[in-house]
Amino acid sequence: KQWYQRRVAITAGDFIKVSITSGVSSVASEKRFPSHISVNELKGKLEMITGASMDTMKIELYNEQNKLVGNLQNNDAILSNVLESGLRLHVTDKAVMNFQDVSNVEKFEISKEEYDKREDSVQAFKKKN
């Protein structure tokens, strides 16, 4: 048969709709995944969304009341057997740095007197111009 003669029926039951959050970003997203893929394949897709490595990521499952209801641990499991629509997947990966948290970043600090002495500062430029 020609490609245009084949028809594939896709129903809502063929997909699982979930929210995705991660320890790396405060942004949540909503995605639909085919229900027939494995947890390992899901991890590959989540790697592109969250930046977490599929080899070291952990996935926690939360219900609509934000209560932890489980973890996705069996990489060979098929999504339709271990996941349902409406859950939130929270992805964590200890190997990935959290760029949102700047509390541990060493900052360059200078006193007002030292800054006033500098000739290569914005303040010095404004005084000259």
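The fold centres on an open sheet of 5 strands, ordered 2-1-5-3-4 with mixed pairing (strands are DSSP runs of E, at least two residues, and helices are runs of H or I, at least four, numbered from the N terminus; two strands pair if DSSP finds at least two bridges between them). Strand 2 (29-34) and strand 4 sit at the edges with a single partner strand each, so one side of each has no neighbour in the sheet. Neighbouring strands are turned by 35° against each other on average, direction ignored. This is a predicted model, where local features need pLDDT of at least 70 and side-chain atom pairs pDLDT 80 or more, while totals for chains, interfaces and linings use all residues. Residues are numbered from 1 along each chain, and side-chain values use heavy atoms, without hydrogens and water.Now for the pairs. Strand 1 (residues 15-22) and strand 2 are antiparallel, with 6 bridges, and Ile20 has Ser29 in strand 2 as its bridge partner. Helix 1 (residues 39-50) packs on the sheet and touches strand 1, strand 2, strand 3, strand 4 and strand 5; its direction makes about 150° with that of strand 2 (axes are lines fitted to C-alpha atoms, for helices over the stretch in contact, with angles from 0 to 180 degrees between N-to-C directions). Strand 3 (residues 58-62) and strand 4 (residues 68-72) also run antiparallel, joined by 4 bridges, and Leu61 stands opposite Gly70. Their hairpin has 5 residues between the strands, and Asn66 there takes a positive phi near 65°.

Then there's Glu84, in the loop between helix 2 (79-82) and strand 5 (88-92). Glu84 is in contact with Ile16, Lys17 and Val18, leaving aside neighbours within four places in sequence (contact means heavy atoms within 4.5 Å). Glu84 and Lys17 are 67 residues apart in sequence, yet 7.6 Å apart in space, C-alpha to C-alpha.
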